[in-house]
Amino acid sequence: IFSLFVAFLLSFLHLFLSFVFREGGKGRATMTDAFRKQLDELMGKNRNLDNRPNQHYWDDDVCKAYLLGCCVHVLWLHTKSDCGPCRFATCGSEKLKADFERDTSARKKRLERKWALELRAELQRKVDE
């Protein structure tokens, strides 16, 4: 992740310097467009949009550990035990976590218990490794 960040900064610096020296400092609109294009390449064209507006916290492609407040990919980020990025794209979604915390149904309690048991087993496997 760090090397991606450094590469991103270097390419931005290259774009900035090429526009400043090539167009005498008048390349602000084109530099913004170039920066937008680079962000689109790195993060996709829909980077500012919610990926799935109808997504629910109980969907299969949601990081359940994050909803419970203990995704090891988030908690151990930049530590000796760093596991790399989470396999779920929704890990870190504050919207889904807020939906989860607001829900008071029996379904939430049942899922929360099930996910906690699964998370406990996963963490135990990591400790045993």
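Are tyrosine 57 and tryptophan 115 buried or exposed? Both tyrosine 57 and tryptophan 115 turn out to be buried. Keep in mind that this is a predicted model. Here are some notes to go with it.

1. **The main core.** Let's start with the largest nonpolar core, which has seven residues: Tyr57, Val62, Leu67, Leu96, Phe100, Leu111 and Trp115. Two elements, helix 5 (94-102) and helix 6 (106-128), each give two or more residues to this core. There is also another core lying apart from it, made of six residues, with Ala65, Tyr66, Cys71 and Phe88 among them. As background, nonpolar side chains in soluble globular proteins tend to be buried together.

2. **Leucine 67.** This core residue is worth clicking on. Once neighbours within four places in sequence are set aside, leucine 67 is in contact with Tyr57, Val62, Leu96, Lys97, Phe100 and Trp115. Among these partners, Tyr57, Val62, Leu96, Phe100 and Trp115 belong to the largest nonpolar core.

3. **Tryptophan 115.** You'll find tryptophan 115 in helix 6. Its relative accessible area is 5%, so tryptophan 115 counts as buried. Leaving out neighbours within four places in sequence, tryptophan 115 is in contact with Tyr57, Trp58, Lys64, Leu67, Leu68 and Phe100. Take leucine 68: it sits 47 residues away from tryptophan 115 along the chain, yet their C-alpha atoms are separated by 8.1 Å.

4. **Aromatic pairs.** How many aromatic pairs does a search of the whole structure find? It finds four. In one of them, the rings of tyrosine 57 and tryptophan 115 have centres 6.2 Å apart and planes at 90°, so this pair is edge-to-face. Tyrosine 57 is in the loop between helix 2 (28-43) and helix 3 (64-68), while tryptophan 115 is in helix 6, so the pair ties together parts that are 58 residues apart in sequence. Phenylalanine 100 and tryptophan 115 make a tilted pair, at 6.0 Å centre to centre with 35° between the planes. Here the link runs from helix 5 to helix 6, so the pair ties together parts 15 residues apart in sequence. Phenylalanine 100 has a relative accessible area of 3%, so it is buried. Together, Tyr57, Trp58, Phe100 and Trp115 form one aromatic cluster.

5. **Lysines over rings.** Two lysines are worth a look here. Lysine 108 lies over the face of phenylalanine 100, at 4.7 Å from the ring centre. Lysine 97 has its charged end over the ring of tyrosine 66, 4.9 Å from the centre of that ring. Lysine 97 is also one of the contacts of leucine 67, and tyrosine 66 is part of the six-residue core.

6. **Helix 6.** With 23 residues, helix 6 reaches 33 Å from its first C-alpha to its last, close to the 33 Å expected at 1.5 Å a residue. Which residues of helix 6 are buried? Lys108, Leu111, Trp115 and Leu119 are buried there. Helix 3 and helix 5 are included in what covers the buried residues of helix 6.

7. **Salt bridges.** The structure holds two salt bridges, and Lys95, Asp99 and Arg102 are linked in a network of them. The first to look at joins aspartate 99 to lysine 95, with the closest N and O atoms 3.5 Å apart. These two are four residues apart in helix 5, so about one helical turn separates them. The other brings the side chains of arginine 102 and aspartate 99 together at 2.3 Å, N to O. Arginine 102 and aspartate 99 are three residues apart in helix 5, again about one turn of the helix. The spacing makes sense, because an α-helix has 3.6 residues a turn and residues three or four places apart point the same way.

8. **How exposed is the network?** Aspartate 99 is partly exposed, with a relative accessible area of 22%. Lysine 95 is partly exposed as well, at 38%. Arginine 102 has a relative accessible area of 58%, so it counts as exposed. Helix 5 carries these charged residues, and helix 5 also gives two or more residues to the largest nonpolar core.

Conventions. Residues numbered from 1 in each chain as written. Predicted model: local features only at pLDDT ≥ 70, side-chain atom pairs only at ≥ 80, totals over all residues. Heavy atoms only, no water. Core = buried A, V, L, I, M, F, W, Y, C linked by side-chain atoms within 4.5 Å. Buried < 20%, exposed > 50% of the residue type's maximum accessible area, 1.4 Å probe, protein only. Contact = heavy atoms within 4.5 Å. Salt bridge = Lys/Arg side-chain N within 4 Å of Asp/Glu carboxyl O. Phe/Tyr/Trp six-rings, centres within 6.5 Å; stacked < 30°, edge-to-face > 60°. Lys NZ or Arg CZ within 6 Å of the ring centre and 35° of its normal. Expected span 1.5 Å × (residues − 1).
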